[in-house]
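Me: I would like to go through this structure term by term, asking each time what entitles us to the word. Please set the values against the definitions.

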Amino acid sequence: MRLSRRLKHQRVDESLSPTEMSVLGTLARCGSATPSELARKEHVQPPSMTRIVAMLESKGLVRLEPHPEDRRQKVVTQTGQAVSMLAAARTKRNAWLAELVQELDEDEWATLRAAAPVLEKLAHL
């Protein structure tokens with residue numbers, strides 16, 4: 001948990017909350033989605049997601065488009081600006097982590113390599 005918190009502080013854009021960054025990350029991983037789908041994936045209530053999406057749209061990071069099958073719904077899509085910002089944030093976090101892991105010895109590296117698939121699995125459950 002501490003590592004996760006420390007990683008969240010390695011942000012490029014301090015004006016975005018961790019939740020807003022998480023929504024952008026979900027869009028990057030999963031593609032466009034309705035606000036309801038995003039709310040489920042992010043484990044927040046739909047009204048909260050509506051506010052988050054509105055904030056991201058006002059910052060030019062997402063756009064709302066008509067749903068292709070249900071005109072009552074909207075689909076949230078990330079913009080090029082969001083893609084660039086996420087790439088910059090990923091680069092910053094990776095550089096920070098690379099600096100940290102230089103302190104690990106070979107046994108610690110082996111443990112980390114062995115744990116990586118398990119952590120990846122847990123992240124997607």
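Reply: A residue is called buried when its relative accessible area is under 20%, exposed when over 50%, and partly exposed in between, with a 1.4 Å probe and protein chains only. By that cut-off, buried residues make up 27% of the 125 residues in the protein chain. The model is a predicted one, in which local features need pLDDT of at least 70 and side-chain atom pairs count only at pLDDT 80 or more, while totals for chains, interfaces and linings use all residues. Residues are numbered from 1 along each chain as its sequence is written, and side-chain values use heavy atoms, with hydrogens and water left out.

Me: What makes His43 count as exposed?

Reply: Its relative accessibility is 74%, and the cut-off for exposed is over 50%, so His43 counts as exposed. His43 lies in the loop between helix 3 and helix 4, where helices are DSSP runs of H or I with at least four residues, strands are runs of E with at least two, and both are numbered from the N terminus.

Me: What is notable about the phi of His43?

Reply: Phi of His43 is near 60°, a positive value in a residue other than glycine. Most residues other than glycine have a negative phi.

Me: How do you know that the buried residues of helix 3 lie on the same side?

Reply: The buried residues of helix 3 are Leu38, Ala39 and Glu42. They cover an arc of only 105° around the axis, which puts them on the same side of helix 3; the arc is that of the directions from the helix axis to the C-beta atoms. Their cover includes helix 2, helix 4 (46-58) and strand 2 (74-78), as judged by contact, meaning heavy atoms within 4.5 Å.

Me: Why is the largest pocket called a pocket rather than a cavity?

Reply: On a 1 Å grid over the protein atoms alone, a cavity is a set of points where a 1.4 Å probe fits but cannot get out, whereas a pocket is an open set with protein on both sides within 12 Å along at least five of seven lines. About 1600 Å³ of space lies in the largest pocket. Of the 32 residues that line the largest pocket, the closest to its centre are Ser4, Leu7, Arg29, Arg93 and Ala123, a lining residue being one with an atom within 4 Å of a point. Helix 2 gives the largest share of that lining, 9 residues.

Key: Points joined across faces, edges and corners; volume = space filled by probe spheres on them.
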